[in-house]
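User: I am new to this structure. Please take me through it in short questions and answers.
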Amino acid sequence: EDIVDWEAVRTAPDELLADLIRCRGMHVMLARRIKAFLNQVRTGRSTISLEWLRNANVEEATNYLMAVEGLGRKSVACIVLLALHGKEFPVDINVARVFARLGWIPIE
């Protein structure tokens, strides 16, 4: 079982959550994003859980995660690869440039 009470985090005042993560930096923006994400996960479900993504196909999981504010293509690819065992190969922009120059991937 998860050691964090995500429902308590979701319903906590924004200021309290921001204060708890203040040392991280950009705490006000991150607190808003965390709460928005938890609200999104909770919508239409009785609990805050992403376990259903394990049974979703890669396209469905990717589309769901890409709709989360603050998650980009690379972060989503990492989640799909590491948590959902999808066939993704996330790389940073510098690696992509080298691969493109070597002709290993198409330039987009």
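User: Which residue forms a salt bridge with Glu7?
Analyst: This is a predicted model. Glu7 lies in helix α1 (residues 6-11) and its partner in helix α3, so the pair ties together parts that are 35 residues apart in sequence. The closest N and O atoms are 3.3 Å apart. The partner is Arg42.

User: Is Arg42 buried, partly exposed or exposed?
Analyst: The relative accessible area of Arg42 is 26%. Buried would need under 20%, and exposed over 50%. Arg42 falls in between, so Arg42 is partly exposed.

User: Which residue meets Asp14 in a salt bridge?
Analyst: Asp14 lies in helix α2 and its partner in helix α3, so the pair ties together parts that are 21 residues apart in sequence. The N to O distance is 3.0 Å. Asp14 is partly exposed at 35% relative accessible area, whereas the partner is buried at 11%. That partner is Lys35.

User: How many residues apart are Glu69 and Arg33?
Analyst: Glu69 forms a salt bridge with Arg33, and their closest N and O atoms are 3.8 Å apart. Glu69 sits in the loop between α4 and α5, and Arg33 in helix α3. The pair thus links distant parts of the chain, and the separation is 36 residues.

User: Which of these two residues, Glu69 or Arg33, is exposed?
Analyst: Exposed means over 50% relative accessible area. Arg33 has 29%, so Arg33 is partly exposed. At 57%, the exposed residue is Glu69.

User: Which residues do salt bridges that share partners join into one network?
Analyst: The structure holds 6 salt bridges. One of them joins Glu7 and Arg42. Shared partners bring in Arg10 as well. The network is Glu7, Arg10 and Arg42.

User: How much area do domain 1 and domain 2 bury between them?
Analyst: The domain assignment gives domain 1 (1-49) and domain 2 (52-107). Their centres, taken over C-alpha atoms, are separated by 24 Å. In contact are 6 residues of domain 1 and 6 residues of domain 2. With 48% of it on carbon and sulfur atoms, the buried area is about 600 Å².

User: Which three residues supply 68% of the area that domain 1 buries against domain 2?
Analyst: Their share is more than that of any other three residues. One of them, Arg33, also forms a salt bridge with Glu69. The count between the two domains is 1 salt bridge. The three are Arg33, Gln40 and Arg45.

User: Where does the largest nonpolar core lie with respect to the domains?
Analyst: This core has 15 residues, and Ala31, Leu53, Tyr64 and Leu65 have the most contacts inside it. The elements that give two or more residues are α2 (14-20), α3 (27-42), α4 (58-66) and α5 (73-82). Domain 1 (1-49) and domain 2 (52-107) both contribute, so the core lies between them.

User: Which element gives the most to this core?
Analyst: Ala31 is among the residues with the most contacts inside the core. Leaving aside neighbours within four places in sequence, Ala31 is in contact with Asp14, Leu17, Ala18 and Ile21. The largest contribution to the core is 4 residues, and it comes from α3.

User: Which residue forms an aromatic pair with Trp52?
Analyst: The structure holds 2 aromatic pairs. In this one the ring centres are 5.0 Å apart and the planes are at 85°, over the 60 degrees needed for edge-to-face. Trp52 is in the loop between α3 and α4, and its partner is in helix α4, 12 residues apart. The partner is Tyr64.

User: Is the pair of Phe99 and Trp104 stacked, edge-to-face or tilted?
Analyst: Their ring centres are 5.3 Å apart, and their planes are at 45°. Stacked needs under 30 degrees and edge-to-face over 60. Neither fits, so the pair is tilted.

User: What is the phi of Met26?
Analyst: Most residues other than glycine have a negative phi. Met26 departs from that with a positive value. Met26 is found in the loop between α2 and α3, and its phi is near 50°.

Terms used
Residues are numbered from 1 along each chain as its sequence is written. This is a predicted model: local features need pLDDT of at least 70, side-chain atom pairs count only at pLDDT 80 or more; totals for chains, interfaces and linings use all residues. Side-chain values use heavy atoms; hydrogens and water are left out. A nonpolar core is a set of buried Ala, Val, Leu, Ile, Met, Phe, Trp, Tyr and Cys residues joined through side-chain atoms within 4.5 Å. Buried means under 20% relative accessible area, exposed over 50%, partly exposed in between (1.4 Å probe, protein chains only). Domain bounds come from an automatic or database domain assignment. Contact means heavy atoms within 4.5 Å. Rings of Phe, Tyr and Trp (its six-membered ring) pair if their centres lie within 6.5 Å; planes under 30 degrees apart count as stacked, over 60 as edge-to-face and the rest as tilted. Buried area is the accessible area (1.4 Å probe) that two parts lose on being put together, summed over both. A salt bridge is a side-chain nitrogen of Lys or Arg within 4 Å of a carboxyl oxygen of Asp or Glu.
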